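Reader: Could you take a close look at the pocket in this model, and then place it among the elements and charged pairs around it? I would like a connected account rather than a list.

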Amino acid sequence: MDQVAVLAGGCFWCTEAVFLDVVGVKKVESGYTGGSTVNPTYKQVCGGDTGHAEAIRVTFDPEQIAFSDVLDIFFATHDPTQLNRQGGDIGTQYRSAIFPQDEGQEAEARAAIARAQQDQDKPIVTTIEPKAEWYPAEDYHQDYWAGEGQSNAYCIAVIPPKLAKLRKSFQARVKSGVTAA
């Protein structure tokens, strides 16, 4: 039976592009969670006043990839030491957060933070937040990198290095089979 992981690691276009290329991942949906506004819009979330994080909801087959592996990829492909930001994206909507769907996922999230901390010089600031209402982002945000993202200067600067790191560090987990040089 499929499982769901809800992760926030900065801009959802970037995290979505990474997880769409992971073996065992069946679907990735960009959206908003962890805030107080009902059915927020992208503009509202970007304004930073709703409390939501830009996040992804990853549907995966646990027989092909464990939740712990999903988390290891998450930590390896964003900077979990930046508080309320990822690079030039600044604000609580770009926070690093895990939204466990049950107690088992919460325990796994704590273990993943401890594992990831071993590879960091600075403290990890990723939060573990309560499961919250999920709001899908507007249609044009879904699978953004495959379409409009290819001509977006921000995406061109940020996404390829994340994909290269995925392909180099998690070769056996990559759908495309392309390895980094």
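Author: A helix here is a DSSP run of H or I with at least four residues, numbered from the N terminus, and a pocket is an open set of grid points whose lining residues have an atom within 4 Å of a point. The model is predicted, and every value below is computed from it.

With these terms in hand, the largest pocket holds about 410 Å³ of space. Its lining is made up of 24 residues, and those that lie nearest the centre are F75, A76, T77, H78 and D79. Helices α3, α4 (103-117) and α5 each supply at least two residues of this lining, with α5 giving the largest share, five residues. In character the lining is mixed, since it divides into ten nonpolar, seven polar and seven charged residues.

Two of the helices that supply the lining, α3 and α4, are also joined by a charged pair: the side chains of D72 and R115 meet in a salt bridge, with N and O 2.8 Å apart. D72 belongs to helix α3 and R115 to helix α4, so that this pair links parts of the chain 43 residues apart. Both partners count as partly exposed, because the relative accessibility is 24% for D72 and 31% for R115.

This pair belongs to a wider set, for the count of salt bridges comes to seven. Another of them brings E29 and R57 together at 2.6 Å, N to O, and links strand β2 to strand β3 across 28 residues of the chain. Here the two partners fall into separate classes: E29, at 12% relative accessibility, counts as buried, while R57, at 29%, counts as partly exposed. A further salt bridge is formed by E129 and R95, whose closest N and O atoms are 2.8 Å apart. E129 lies in the loop between β7 (127-128) and β8 (135-136) and R95 in the loop between β5 (89-90) and β6 (96-98), so the pair ties together parts 34 residues apart in sequence. E129 counts as buried at 16% relative accessibility, and R95 is buried as well, at 9%.

Finally, α3 and α5 appear again in the surroundings of helix α1 (residues 12-19), whose buried residues pack against α3 (67-76) and α5 (153-169), as well as β1 (3-9), β2 (25-33), α2 (42-46) and β3 (53-60). Eight of the eight residues of α1 are buried, among them W13, E16 and F19.

Notes
Residues are numbered from 1 along each chain as its sequence is written. This is a predicted model: local features need pLDDT of at least 70, side-chain atom pairs count only at pLDDT 80 or more; totals for chains, interfaces and linings use all residues. Side-chain values use heavy atoms; hydrogens and water are left out. Buried means under 20% relative accessible area, exposed over 50%, partly exposed in between (1.4 Å probe, protein chains only). Contact means heavy atoms within 4.5 Å. On a 1 Å grid over the protein atoms alone, a cavity is a set of points where a 1.4 Å probe fits but cannot get out, and a pocket is an open set with protein on both sides within 12 Å along at least five of seven lines; lining residues have an atom within 4 Å of a point. Grid points are joined across faces, edges and corners, and a volume is the space filled by probe spheres set on the points. Ala, Val, Leu, Ile, Met, Phe, Trp, Tyr, Cys and Pro count as nonpolar, Asp, Glu, Lys and Arg as charged, and the others, Gly among them, as polar. A salt bridge is a side-chain nitrogen of Lys or Arg within 4 Å of a carboxyl oxygen of Asp or Glu.
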